Amino acid sequence: MSAPPTKDLAAGAARGRRGGGLFRAAWRHGRTRVGVALTGLIVLIAVVGPFVAPYTPTEFVARPFETGVDGTVFGGDNRGRDVLTRFLWGGWTLLILAGASAGLGVLAGTVVGVIAGYLRGWVDEVLMRVNDMLLAFPQLIAALLVMSIIGPRTWLIVAVIAVSHTPRVARVIREATRAVVEQDYVKAAEAIGLPRWRIMAVEILPNVTGPLLVELGLRLTYSIGVVAVLGFLGMGLQPPTADWGLMINENRQGMIVQPWAVVMPVAAIAILTIGANLITDGLSRAAIGIDRGVGR
Amino acid sequence: MTETTETVLSVEGLTVIGRPSDVTIVGDVSLNVRRGEILGLVGESGSGKTTVGLALLAHRKRATEITGGVVEVAGRDLAALDERGVRALRGRAVAYIPQSPASALNPALRLRVQLCEALHDDALSAAEVDARVREVLREVALPDDDAFLGRYPHQLSGGQQQRVAIAMAFVGRPDVIVMDEPTTGLDVTTQAHVLATVRRMTREYGTAGIYISHDMAVVAELADAIAVMYRGEVVEHGPTGEVLASPRHDYTRTLLAAVPRMRTDVPDRERDGDLLRIEGVSAGYGRTPVLEGIDLTVARGECTALVGESGSGKTTLSRTVAGLHRGAVGDLWFDGAPLALNGRRRTVEQRRRVQYVFQNPYEALNPRKRVRDLVLGPYRHLVGRPDDPDRVVAEALERAALPASYADRFPEQLSGGERQRVCIARAVATGPDLLVCDEITSALDVSVQAEIVALLRGLQDEGMALLFVTHNIALVSNIAQRVAVLERGRIVEYGPVGRVMSEPSHEYTRALLADTPDFAPEGAAAD
């Protein structure tokens, strides 16, 4: 029995927790690993797919909905294009659109949330009431509305989804910020007269990364869903682009004779969503654990 | 008064280890307490005293396990009890008074509900329960009328909350009562009341008390016997008088020496021109006035102490000086020039020369920054980019009595005392003339407090003026030259420490002095 080794142990553990401590803690949950494996698989297909695809996505290789054609694995789609090729090509658009809209939405939401939470007063009121108005629109309905008025454009898909994420992220980050603002180190920075933007960027932001990462994961999951649904409803990417959501829509009439053209993109989207969800879940559990001081 | 010599609590070889690391948290602890007696369990943070206290309730913290030893309460072995037996035991055979009454009382429940809940005895009728609850409230000197029982915890003061917690503990007439630093958050006047209540109740009920504390002065006043814990082991155990008079273990001697002694012989010091002048400052929160018409000066190189109970406005005053409090009016003068009440309107030079150290070192350091960046942050902003940042950090750490190697650590790798030293290093790095210290030792152990006070005295010798806020009047006599006593936002007494301590003119000051535990062990009387 002696204290020094205890101290060293604690210090060692603490050192290990630094630099991606949240990821490390999340990795200990089995669900996170499963999530990473599933997500990794789909991302791999989407990224490597276009390079290994046997044909180009618009090449006709079979008759519509024909299966068992020589030189194809899963047959042809509604126009007779190779299903495997279109599947391999159709993922990266979804990933980029979902990633970009989630990233932009979380970025904007974080800025709004930190500013509202730190400055309070009328700035907080204005930002949060605008937020409430945006929150009143259901995500998908708002997206469909804007698309049907302006027409389906790629940048618009990203913008609409990002805007619909912003108020939701802002709410969470604002609450996290308000807890941090009460801490004396923020007061200490004020006491030496540090500019407000620096206090927000240097003192507050690094201390809300826990909820921030969880939000990012969550918003990514939602974005995947919304982008896929928009594609399915014909409001997303337009033919002849190879896109998983679009593929499901185009091929659903022939689902009985040519199930692959629907099953493959559906399965990919499902696996991706479940994987991203599992990672988010692991992250949020780890964040809660860290906040409560367990799992150190 | 129950006069028996029956041993009601006996602990033999209690061992608690951590899981899964197998670190021994408490090793081979043996204690005995008789009816009507109080045992003071003394030690610094991390010495395992709370772990021992919880083990007496057959409770353990997360990831710990009781691996050895026998705990007997009134002849029953706790280890032999199942879950149901433990539930029956808690509250009736063993009761617990937690450290923070504010968090121990359920804010959503009225006092009546909480007190009746504590007396979970099915044999009693509702009328009997009610009568018992009222009886125990009278005993802790609280009102027993329906209006009081209908209140919520937030409608009570801190002292009242703690007395409710005591009432909850005693309502079931326990054999043993475990008190985990119940007066830590209270000011001296309230502390004196609570201690007197605890003393009287244990005597009247014939309850064996375990009083856990890091403050030797409190324990010396209250306990019949003292057990000193150090690194998970009891290093000294004996009657209070004996332990105080002739401590056997080195650690006990350190603890005794760390208690600030009330000194009345503080010599007056030549005053060397005003550095800070506060004129007619009033402040408040919303419409509630907290400070009214404060006049105060701090001379160069002088330490002025602000003393008062919680709620007296001393923290508000110190924050006003630091430019952190919104809604203050009045005039501040610093080194002959006006000092804006709003910190943002001050010149960079003024901000550099007035530095602030916060009460709670656990909240005052950004957990995402290394010590090096924490110390350099204010320096870069107020002084400029240093030519040799490493030297700046090393010098600041050295002035705060920390090794330069600490620069690479994160706050969570430091103890409470080390954190507070980093806060001081951060403040002194910019070379201030006035250091505002807001109860900077109240979150720390007494032994660490002594080190911090020695450090501050050293800084003062280098010419720094201090505005030292505290509720501990004994500490004042050890560091300050002048003292201002605050009561409800007004300064009721202000003068040289020697005079205020020896001939206080205001009755509030006299009450404060009388309520401070008088600590002068015979063995240490020599110094």
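Are α5(A) and α11(A) parallel, perpendicular or oblique to each other, and why? I opened my notebook with that one, keeping in mind that this is a predicted model.

**Entry 1: α5 and α11 of chain A**

I looked up the two axes first. The axis of α5(A) and that of α11(A), the helix of residues 209-232, come within 8 Å and cross at roughly 135°. Angles of 65 to 115 degrees count as roughly perpendicular and those over 145 as roughly antiparallel, so α5(A) and α11(A) are oblique to each other. I also noted the hand: α5(A) passes α11(A) in a right-handed crossing.

Then I checked who makes the contact. On α5(A) I found L94(A), L97(A), A98(A) and G105(A) among them, and on α11(A) the list includes L212(A), L216(A), R219(A) and V227(A). By class, this contact of α5(A) with α11(A) has 11 nonpolar, 5 polar and 2 charged residues.

**Entry 2: α6 and α8 of chain A**

I tried another pair. Helix α6(A), residues 121-135, and α8(A) have axes that come within 9 Å and cross at roughly 130°. With that angle, α6(A) and α8(A) are therefore oblique to each other. The hand here is left: α6(A) passes α8(A) in a left-handed crossing.

From α6(A), the contact uses N131(A), L134(A) and L135(A). From α8(A), I wrote down V163(A), T166(A), P167(A), R168(A), A170(A) and R171(A). The classes for the contact of α6(A) with α8(A) are 5 nonpolar, 2 polar and 2 charged residues.

**Entry 3: the two sides of α10**

Which residues of α10(A) are buried? In this helix, residues 196-204 of chain A, I got I199(A), M200(A), E203(A) and I204(A). They cover an arc of only 110° around the axis, so they sit on the same side of α10(A). On the other side of α10(A), I found W197(A), R198(A) and A201(A) exposed.

Next I asked what the buried residues of α10(A) pack against. My list reads α5 (91-119), α8 (154-181) and α9 of chain A.

**Entry 4: chain A as a whole**

I stepped back to count elements. Chain A has 13 helices and 0 strands. I then looked at burial: of its 296 residues, 45% count as buried. I also took the contacts in chain A with a separation of 6 or more, and residues 24 or more positions apart account for 70% of them.

**Entry 5: where chain A touches chain B**

How many residues of chain A are in contact with chain B? I noted 22 residues of chain A, against 31 residues of chain B. On the chain A side, the elements that give two or more residues are α1 (3-17) and α9 (184-191). Of these, α9(A) gives the most, with 6 residues. The residues on this side of chain A divide into 12 nonpolar, 5 polar and 5 charged.

**Entry 6: one glycine in chain B**

Last stop, G301(B). I found G301(B) in the loop between β12 (288-299) and β13 (303-307) of chain B. Is G301(B) buried or exposed? The cut-off for buried is 20 or more other C-beta atoms within 10 Å, and G301(B) has 20, so G301(B) is buried.

I then looked at M464(B), 163 residues apart from G301(B) along the chain, and their C-alpha atoms are separated by 4.8 Å. Leaving out residues up to four places away in sequence, G301(B) touches D272(B), Q460(B), G463(B), M464(B) and A465(B).

How values were computed
Residues are numbered from 1 along each chain as its sequence is written. Chains are lettered from A and ligands numbered from 1 in the order in which they are written. This is a predicted model: local features need pLDDT of at least 70, side-chain atom pairs count only at pLDDT 80 or more; totals for chains, interfaces and linings use all residues. Two residues are in contact if their C-beta atoms, placed from the backbone, lie within 7 Å. Helices (H or I, at least four residues) and strands (E, at least two) are DSSP runs, numbered from the N terminus. Ala, Val, Leu, Ile, Met, Phe, Trp, Tyr, Cys and Pro count as nonpolar, Asp, Glu, Lys and Arg as charged, and the others, Gly among them, as polar. A residue is buried if 20 or more other C-beta atoms lie within 10 Å of its own, exposed if 12 or fewer, and partly exposed in between; C-beta atoms are placed from the backbone. The arc is that of the directions from the helix axis to the C-beta atoms. Axes are lines fitted to C-alpha atoms, for helices over the stretch in contact, and angles run from 0 to 180 degrees between N-to-C directions. Angles under 35 degrees count as roughly parallel, over 145 as roughly antiparallel, 65 to 115 as roughly perpendicular and the rest as oblique. A crossing is left-handed if the near helix is turned anticlockwise from the far one by less than a right angle, and right-handed if clockwise.
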